[in-house]
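This report walks through selected local features of one structure, under short headings. Please keep the sequence and the model at hand while reading.

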Amino acid sequence: MPVLKLPIGDIVPVKFTPFLFRSNFFASPHQNPIKLLKVAADAKNLKFGRIVHAHLIITNHSHGDCKVNQLNSLINLYVKCDEVSIARQMFDSMPRRNVISWSTLMAGYMQNGSPLEVFELLKKMVVKDNILPNEYVIATVISSCDSQMYIEGKQCHGYVFKSGLELHQYVKNTLIQMYSKCSDVRAAMQILYTVPGYDIFCYNLVMSELLQHTHTGEAVEVLKLMISEGIEWNNATFVTIFRLCASLKDIKLGKQVHAQMLKSDIDYDVYIGSSLIDMYGKCGNVSSGRAFFDQLQSRNVVSWTSIMAAYFQNGFFEEALDLFSKMEVDHIPPNEYTLAVLLNSAAGLSALSLGDQLHARAEKSGLKANVIVGNALIIMYSKSGDILAARCVFSNMMCCDTITWNAVITGHSHHGLGAVALSMFQDMLATRERPNYVTFIGVLSACAHLSRVDEGFYYFNHLMKQFGIVPGLEHYTCIVGLLSRSGRLDEAEKFMASNQINWDVVSWRTLLNACYVHRNYDKGKQIAENLLQLEPKDVGTYILLSNMHARVRRWDGVVKIRKLMRERNVKKEPGVSWLEIRNVAHVFTSEDIKHPESNLIYDKVKDLLSKIRPLGYVPDIASVLHDIEDEQKVDNLSYHSEKLAIAYGLMKTPSGAPIRVIKNLRMCDDCHTAVKLISKVANRFIIVRDANRFHHFQDGFCSCGDYW
Ligand code: ZN
Ligand code: ZN
């Protein structure tokens, strides 16, 4: 059948007419054309609707209300079939209209995403036809208001309030929806409190909006109100409440809601299941989440991913990765979220080779193009010490978001590549992506790294304001780091004194570290004393303090600090370094003799040290004395865990391959000097991640600029 292009008002050629006309279909009094138009509209069957329309044009002689109703049905037909302009032509040609004509066309414009048209029609309806909006009209107008039309939405609310239309449940729903869309959650919540009558849909919407905007306190209030009204909960309610418990980390409430869910006769689907698992994960109770997961009848990729994420969030990276192999046994392919969790777990273990495998996996499955996967890859590579690979992933990404930029900027900053980080930030500013709170942490620490004080202050004082970001403790601490690193210790101290914010251990330690590096021991000791008042068990502080005494050869001071540590039962965790060679992790502790090849490793260290001595290496006695793990033996300095690990790496990897070592504590000065020189004599790129940062050793230098 040819497609009938209907010129409105024209006589339609009849030659295509099918059975409807031949059988005199419309002659039957039971075949009401309005009913037929409704059938066509509901089925979005434009072809059938046009046939009915054509027939009406040929045969119709109806007048008055009957005519208006027919035309309304035609408007509805064209609106439902996404032909709003035809509907508009019909509407404009009507000599007389009623409220249904107006509301039908408005609904069309609303579905079409033209809120301004809807509002224009409302004005014309009131002014030209003198018709006041009823609940349907007002609901349509309110639903069409988006954040651009917040003022208009509020005006409608005013009318609703005066006319008493808010007692209509769906008007109330649309108002709540409108305020939620416009991010005015408090106004949405207000409606729940002031307008009687309830609807579970409203509660779900308001609670989920409140959670979205992290107004957890208010969400709890709404939950209480909902409980007091005794409404029956649906699936979406449970999902929302589990999310609430997760953000409150309220395991007690979470368990009660879980019990409630088991008692209720709702049919719990994978979404409730995964929000429940997620809740247990976020509340730090993975085992309860796992128990629930284990007894699930059917599991899909969402349930698997949520249990893996729960393990990952609680630091059980290996368990998360283990579950993946079980999921594969079940023949469930991972999605982008699964891969992101796995990559994050690999990053948590700094397991580069595993990360590489997952990368290959992402490539094969076509998920690599996904921005979530791309971001996770950047984070994994940067945390595992391969910043070049991270940059490579970044430059191959088809699309990126704020998280992508933050990941590369912060990653380069952590790796001591401040200049790259800042030039990437400039690139970001040239795009449409807006920097956020996290971006500026990366940017300011890059400035600190490069001692670019003026630039750092410009970002802190002006650019952040320009982007509407209120600086937080992290940014303030970066400024302390910026001033300290540049040797402006007095200014750093003044900056801390003049900004009455809750300075924490990290900020004080930044200043203390600067005093140590810049050898301002008097100030350093005084800050260390303050710091120990704040955190009497902070091992790092004792070590730096003892180190400062050692540097000025105040051995009595060193002894005093050791005694203090014993009295307060402060113990330094043993230094551990590890590196991965061909997918196997090798772990070393200081003076390690457990390794099967320890003799050879010790020989290699001795050999390396003898090679770097001519370059000016002198063992740093102060480093030994501050280092509790080594006690008195000077000799042990040579066998700190990272030296052993690097020696082993040099023995076992082909020349030219970079060596990546992870150390749990801050690298000592002696190791730092030694590794710089080793990178030169062995002609290797050596990357060490210690407790503070990444060090890239190459040709006798370190990317940290000897400041860490
Ligand atoms: Zn060391
Ligand atoms: Zn370094």
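## Cysteines without partners

A residue is called buried here when its relative accessible area is under 20%, exposed when that area is over 50%, and partly exposed in between. The model is a predicted one, and by this scale Cys 202 counts as buried, because its relative accessibility is 1%. The sulfur of Cys 202 lies 16 Å from the closest cysteine sulfur, which belongs to Cys 182, and this is too far for a bond.

The structure as a whole holds 0 disulfides. Cys 156 is likewise in no disulfide, the nearest cysteine sulfur being that of Cys 145 at 5.2 Å; since a disulfide requires two cysteine sulfur atoms within 2.5 Å, that separation does not qualify. With a relative accessibility of 3%, Cys 156 counts as buried.

## The zinc site

The zinc ion (ligand 2) is held by two kinds of donor, namely the nitrogens His 672 (NE2) and His 695 (ND1) and the sulfurs Cys 702 (SG) and Cys 704 (SG), at 1.9 to 2.3 Å. The angles among the 4 donor atoms run from 101 to 117°, and the site of the zinc ion (ligand 2) is tetrahedral. Along the sequence, the donor residues of this ion follow the spacing H-x22-H-x6-C-x1-C.

The two histidines link distant parts of the chain, with His 672 in helix α37 and His 695 in strand β5, 23 residues apart. Both His 672 and His 695 are buried.

## Salt bridges

A search of the whole structure finds 28 salt bridges, and a few of them are described here. One of these pairs also involves helix α37: the side chains of Lys 680 and Asp 699 meet with an N to O distance of 3.9 Å. Lys 680 lies in helix α37 (residues 669-681), whereas Asp 699 sits in the loop between β5 (694-698) and β6 (701-702), so the pair ties together parts that are 19 residues apart in sequence. Lys 680 is partly exposed at 41% relative accessibility, and Asp 699 is also partly exposed, with a relative accessible area of 47%. Elsewhere, salt bridges that share partners join Lys 38, Asp 42 and Lys 80 into one network.

Within helix α33 (residues 555-567), Lys 563 and Glu 567 are 4 residues apart, which means that about one helical turn separates them. Their salt bridge has its closest N and O atoms 3.6 Å apart. Lys 563 is partly exposed, with a relative accessible area of 47%, while Glu 567 is exposed at 54%. In a further pair, Arg 452 forms a salt bridge with Glu 455, and here the closest N and O atoms are 3.0 Å apart; Arg 452 is partly exposed at 34% relative accessibility, and Glu 455 is partly exposed at 24%.

## Helix α2

Helix α2 (residues 33-42) has as its buried residues Pro 33, Leu 36, Leu 37, Ala 40 and Ala 41. They cover an arc of only 135° around the axis, so they lie on the same side of α2.

The N-terminal end of α2 is capped by Asn 32, which places a side-chain oxygen 2.9 Å from the backbone nitrogen of Ile 34. Just after α2, the residue Lys 44 adopts a positive phi of about 50°.

Methods:
Residues are numbered from 1 along each chain as its sequence is written. Chains are lettered from A and ligands numbered from 1 in the order in which they are written. This is a predicted model: local features need pLDDT of at least 70, side-chain atom pairs count only at pLDDT 80 or more; totals for chains, interfaces and linings use all residues. Side-chain values use heavy atoms; hydrogens and water are left out. A salt bridge is a side-chain nitrogen of Lys or Arg within 4 Å of a carboxyl oxygen of Asp or Glu. Buried means under 20% relative accessible area, exposed over 50%, partly exposed in between (1.4 Å probe, protein chains only). Donors are N, O and S atoms within 2.8 Å of the metal (3.2 Å for Na, K and Ca); water is not among the atoms, so sites may look incomplete. Four donors count as tetrahedral if all angles lie between 85 and 135 degrees; four count as square planar and six as octahedral if opposite donors are over 155 degrees apart and all others between 65 and 115; anything else is irregular. The arc is that of the directions from the helix axis to the C-beta atoms. A polar contact is a pair of N or O atoms within 3.5 Å; within protein, one must be able to donate a hydrogen and the other to accept it, and residues adjacent in sequence count only if both atoms are side-chain atoms.
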